[in-house]
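Me: I'd like a close look at one part of this structure, told step by step for someone in their first year. Please pick a good starting place and follow the contacts outward from there.

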Amino acid sequence: MTTLAGPTVLDQLKALAQETRYELVRHLAQGERCVCDLESLLELPQSRVSYHLGILRDAGLIVSEQRGKNMYYTLRRAPLFALGGHLLTDLLPDQPPLTHQTDSVC
């Protein structure tokens, strides 16, 4: 049996790097929204909003819930808070300071 790994820091950054998705996250930071509300706020067709919401969901940044005919979306705050720490950990792994190297390059 294979287990699928969750979204990586890079996956989440890619999801947030697109303007429409960034705006969706900003709106969802205000609270849960129906897809129809998001369409109106962004002045985009439902198909385009749903496409971008799917990418954010796959990146683990939002969750969705079907209620009747409508789909509601909620921001997952924990992954966003963790993203900053993971990014710094990936970019700046634990390394000894350059001033304490045993083998000098000079």
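Reply: Let's begin with what counts as a helix here: a DSSP run of H or I with at least four residues, numbered from the N terminus. With that in hand, our starting place is histidine 27, which is found in helix α2. Keep in mind that you're looking at a predicted model.

First, a quick map. The protein chain has 5 helices and 3 strands, and from the N terminus on they run α-α-β-α-α-β-β-α. Buried residues make up 26% of the 106 residues, and histidine 27 belongs to the buried group, since its relative accessible area is 19% and the cut-off for buried is under 20%. What does histidine 27 touch, not counting residues up to four places away in sequence? The list is Arg33, Leu38, Leu41 and Leu42. Those names give us two trails to follow.

Take the leucines to begin with. Leu38 and Leu42 sit in helix α3 (residues 35-42), where they are buried along with Val35. These three cover an arc of only 55° around the axis, which puts them on the same side of α3. There's a handy bit of background for this: an α-helix has 3.6 residues a turn, so residues three or four places apart point the same way. What covers that buried set includes α2, β1, α4 and β3.

Now step off the end of α3. Just after this helix, glutamate 43 takes a positive phi of about 55°, and glutamate 43 does so although it is not a glycine. For comparison, most residues other than glycine have a negative phi. Glutamate 43 lies in the loop between α3 and α4. Is glutamate 43 buried or exposed? At 72% relative accessibility, glutamate 43 counts as exposed.

On the other side of that loop, α4 comes back to meet α3. The two helices pack at an angle of about 110°, with their axes 9 Å apart. That makes α3 roughly perpendicular to α4. From α3, the contact uses Val35, Leu38 and Glu39, while α4 brings Gln46, Val49, Ser50 and Leu53. Sorted by type, the residues of this contact are 4 nonpolar, 2 polar and 1 charged. Notice that Leu38 turns up again: it takes part in the α3 contact with α4, and histidine 27 touches it too.

So what about our home helix? α2 (residues 19-28) also packs with α4 (residues 46-58), here at an angle of about 80° and with the axes 10 Å apart. α2 and α4 are therefore roughly perpendicular to each other. On the α2 side you'll find Thr20, Arg21, Leu24, Val25 and Leu28, and on the α4 side Val49, Tyr51, His52, Leu53, Ile55 and Leu56. The residues of the α2 contact with α4 divide into 8 nonpolar, 2 polar and 1 charged. Val49 and Leu53 are on the α4 side of this contact, and both are also in the contact with α3.

Time for the second trail, Arg33. Strand β1 (33-34) is an edge strand, as is β2 (62-67), in an open sheet of 3 strands with the order β1-β3-β2 and antiparallel pairing. Each of these two has a single partner strand, so one side of each is left without a neighbour in the sheet. β1 pairs with β3 (residues 70-75) over 2 bridges, and arginine 33 stands opposite tyrosine 73 in β3. α4 packs on the sheet as well, touching β2 and β3, with its direction at about 125° to that of β2.

One more neighbour rounds off the picture: helix α1 (residues 9-16), in which Val9, Gln12, Ala15 and Leu16 are buried. These residues cover an arc of only 125° around the axis, which puts them on the same side of α1. The buried residues of α1 pack against α2, α4 and α5 (77-91), while the face turned away carries the exposed residues Leu10 and Lys14. Within α1, glutamine 12 is buried, with a relative accessible area of 8%. Among the residues glutamine 12 touches are Pro79 and Leu83, and its C-alpha atom is 8.9 Å from that of proline 79, 67 residues apart along the chain.

Definitions and conventions
Residues are numbered from 1 along each chain as its sequence is written. This is a predicted model: local features need pLDDT of at least 70, side-chain atom pairs count only at pLDDT 80 or more; totals for chains, interfaces and linings use all residues. Side-chain values use heavy atoms; hydrogens and water are left out. Axes are lines fitted to C-alpha atoms, for helices over the stretch in contact, and angles run from 0 to 180 degrees between N-to-C directions. Angles under 35 degrees count as roughly parallel, over 145 as roughly antiparallel, 65 to 115 as roughly perpendicular and the rest as oblique. Contact means heavy atoms within 4.5 Å. Ala, Val, Leu, Ile, Met, Phe, Trp, Tyr, Cys and Pro count as nonpolar, Asp, Glu, Lys and Arg as charged, and the others, Gly among them, as polar. Buried means under 20% relative accessible area, exposed over 50%, partly exposed in between (1.4 Å probe, protein chains only). The arc is that of the directions from the helix axis to the C-beta atoms. Two strands pair if DSSP finds at least two bridges between them.
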